[in-house]
Amino acid sequence: MGQTRTLAGQVALVTGASRGIGSAIAVRLAAEGAAVAVNYRERAAEAAAVVAHITEAGGRAAALRADLGDPAQAAALAAQAAAQLGPVDILINNAGIFRGGDLADFDFAQMEPMRRTNVDGLVAVTRAVVPGMQARRYGRIVNLTSIAAHGTSMAGTTFYAATKAAVAILTRRFALDLGPHGITVNAVAPGFILTDMARQNRTGEEAERFYAAVAEKTMMRRVGCPEDIAHAIAFLASPHAGFITAQVLTVDGGRMDYVVHP
Ligand code: NAP
């Protein structure tokens with residue numbers, strides 16, 4: 001007897017899906033049978049390649065440009081996804097940016113756009129998607145927070161961590177509001193995942209030394225790949241996870257450096 005794919009007949013909207021973790025999520029949800037709206041901000045060619053990858057494998061997908069830092073564009077995204085693929089059953093709030101800064105060099109002009117994308121954009125897209133989910137009494141929302149929100153000591157990540165801590169508490173509060181409507185809201189907190197964001201400006205031997213040092217701090221002795229996160233999200237986005245809500249699932253290979261004893 002053939003196995004039914006867990007997301008057959010469903011529609012997923014993945015924000016920031018042109019590359020990195022978001023593109024792996026889009027491909028993974030499509031493999032489970034979902035039609036996938038691939039949101040991006042500026043890299044149209046990368047988003048088109050993700051769509052082509054999905055459609056060539058027999059799936060349905062559409063690329064949707066929207067800068068989530070702009071409240072109007074963020075709010076319009078759900079309707080665009082529904083017009084192209086059908087009403088959204090699954091929302092993955094993945095889009096995010098990193099801007100470095102700690103207390104001593106706080107720069108409002110740098111930090112404000114990060115907050116607008118990482119926090120305000122997530123709120124706007126969620127608000128736009130929720131009424132349809134409520135009407136159908138079904139929904140899965142998964143947000144991307146970070147181990148930064150657990151409180152790491154990595155220099156330059158103070159205000160990025162604050163945006164991700166906001167995502168963690170919004171996850172719990174939205175879950176509280178939406179549970180009675182049949183909608184689960186969870187978050188995944190990735191550790192160090194090799195993407196453009198994590199690479200930043202590191203290259204060559206310096207980069208290799210840094211990744212090896214991070215790997216040493218995980219129980220699994222490696223850095224993560226986007227698929228590590230996509231697998232966890234595919235479960236939380238599935239009908240099988242219907243009694244799991246308000247949770248933050250850490251996917252970091254077992255980091256050992258939160259509390260260091262001599
Ligand atoms: P990435 O490689 O830098 O990719 C970011 C994605 O988000 C791109 O698709 C980008 O679109 C999109 N994006 C950025 N700003 C946007 C905006 N204003 N509107 C719409 N789309 C926007 O990042 P990543 O490493 O995959 O990270 C994905 C998520 O995981 C983020 O929320 C990040 O904070 C979180 N995370 C990452 C790590 C890690 O180690 N990588 C760890 C913890 C948490 P364009 O291609 O069009 O620019």
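Is Ala135 buried or exposed? With a relative accessible area of 69%, Ala135 is exposed, because anything over 50% falls in that class. Keep in mind throughout that this is a predicted model.

**View 1. Ala135 sits out in the open on helix α4.**
The helix here, α4, covers residues 108-136, and Ala135 is part of it. Its relative accessible area is 69%, so Ala135 counts as exposed. For a sense of scale, look across to Gly182: the two residues are 47 places apart along the chain, and their C-alpha atoms are separated by 9.9 Å.

**View 2. The ligand fills the largest pocket.**
The space that the ligand takes up is the largest pocket. There are 33 residues around the ligand, and the ones that come nearest are Ser18, Arg19, Glu42, Tyr160 and Thr195. Now for some of the atom pairs. Ser18 has a polar side-chain atom 2.7 Å from an oxygen atom of the ligand. Glu42 uses its backbone instead: a polar backbone atom there is 2.7 Å from an oxygen atom of the ligand. At Ala66, a polar backbone atom lies 3.5 Å from a nitrogen atom of the ligand. How much of the ligand's surface does the protein bury? Taken alone, the ligand exposes 910 Å², and the protein buries 97% of that.

**View 3. Helices and a strand help build the shell around the ligand.**
Step back a little and pick out α1 (20-31), β2 (35-40), α6 (158-178) and α7 (196-199): each of them supplies at least two residues of the shell. Which of these elements gives the largest share? That would be α7, with 3 residues.

**View 4. Thr163 is tucked away in helix α6.**
Thr163 belongs to helix α6, one of the elements that supply at least two residues of the shell around the ligand. Its relative accessible area is just 5%, so Thr163 counts as buried. A polar atom of the Thr163 side chain lies 2.6 Å from the backbone oxygen of Tyr160, and Tyr160 is itself among the residues that come nearest to the ligand. Setting aside residues up to four places away in sequence, Thr163 touches Met114, Arg115, Asn118 and Val119.

**View 5. Ala198 is a buried residue of helix α7.**
Here we are in α7 again, this time at Ala198. At a relative accessible area of 12%, Ala198 is buried, because the cut-off is under 20%. Leaving out residues up to four places away in sequence, Ala198 touches Phe192 and Ile193. Tyr211 is 13 residues away along the chain, and the C-alpha atoms of Ala198 and Tyr211 are separated by 9.8 Å.

**View 6. Gln200 and Arg221 share an unusual-looking backbone feature: a positive phi.** Gln200 has a phi of about 45°, a positive value although Gln200 is not a glycine. Gln200 lies in the loop between α7 and α8 (204-216), and with a relative accessible area of 40% it is partly exposed. Further along, Arg221 also has a positive phi, near 55°, and is likewise a residue other than glycine. Arg221 has its place in the loop between α8 and α9, and its relative accessibility of 47% makes it partly exposed.

**View 7. The buried residues of α9 pack against helix and strands.**
Which residues of α9 are buried? They are Pro226, Ile229, Ala230, Ala232, Ile233, Ala234 and Leu236. Follow them inward and you meet the elements they pack against: α1, β4 (90-93), β5 (139-144), β6 (183-190) and β7.

**View 8. Pro239 lies in the loop after α9.**
The loop between α9 (226-236) and β7 (248-251) holds Pro239. Buried or exposed does not quite cover this one: at a relative accessible area of 39%, Pro239 is partly exposed. Leaving aside neighbours within four places in sequence, Pro239 is in contact with Thr6, Leu7, Gln10, Tyr138 and Arg140. Asp177 is 62 residues away along the chain, and the C-alpha atoms of Pro239 and Asp177 are separated by 19 Å.

**View 9. Ala52 is a partly exposed residue of helix α2.**
Ala52 is found in α2, which covers residues 44-56. Its relative accessibility is 26%, so Ala52 counts as partly exposed. Thr6, which is in contact with Pro239, is 46 residues from Ala52 in sequence, and the two are 22 Å apart in space, C-alpha to C-alpha.

Note on methods:
Residues numbered from 1 in each chain as written. Predicted model: local features only at pLDDT ≥ 70, side-chain atom pairs only at ≥ 80, totals over all residues. Heavy atoms only, no water. Helix = DSSP H or I, 4+ residues; strand = E, 2+ residues; numbered from the N terminus. Buried < 20%, exposed > 50% of the residue type's maximum accessible area, 1.4 Å probe, protein only. Contact = heavy atoms within 4.5 Å. Near = heavy atom within 4 Å. Polar contact = N/O pair within 3.5 Å; in protein donor to acceptor, adjacent residues only side chain to side chain. Areas by Shrake-Rupley, 256 points an atom, 1.4 Å probe, with all protein chains shown as cover. 1 Å grid on protein atoms, 1.4 Å probe; cavity = no way out; pocket = protein on both sides within 12 Å on 5 of 7 lines; lining within 4 Å. Sits in = over half its atoms within 2 Å of the grid points.
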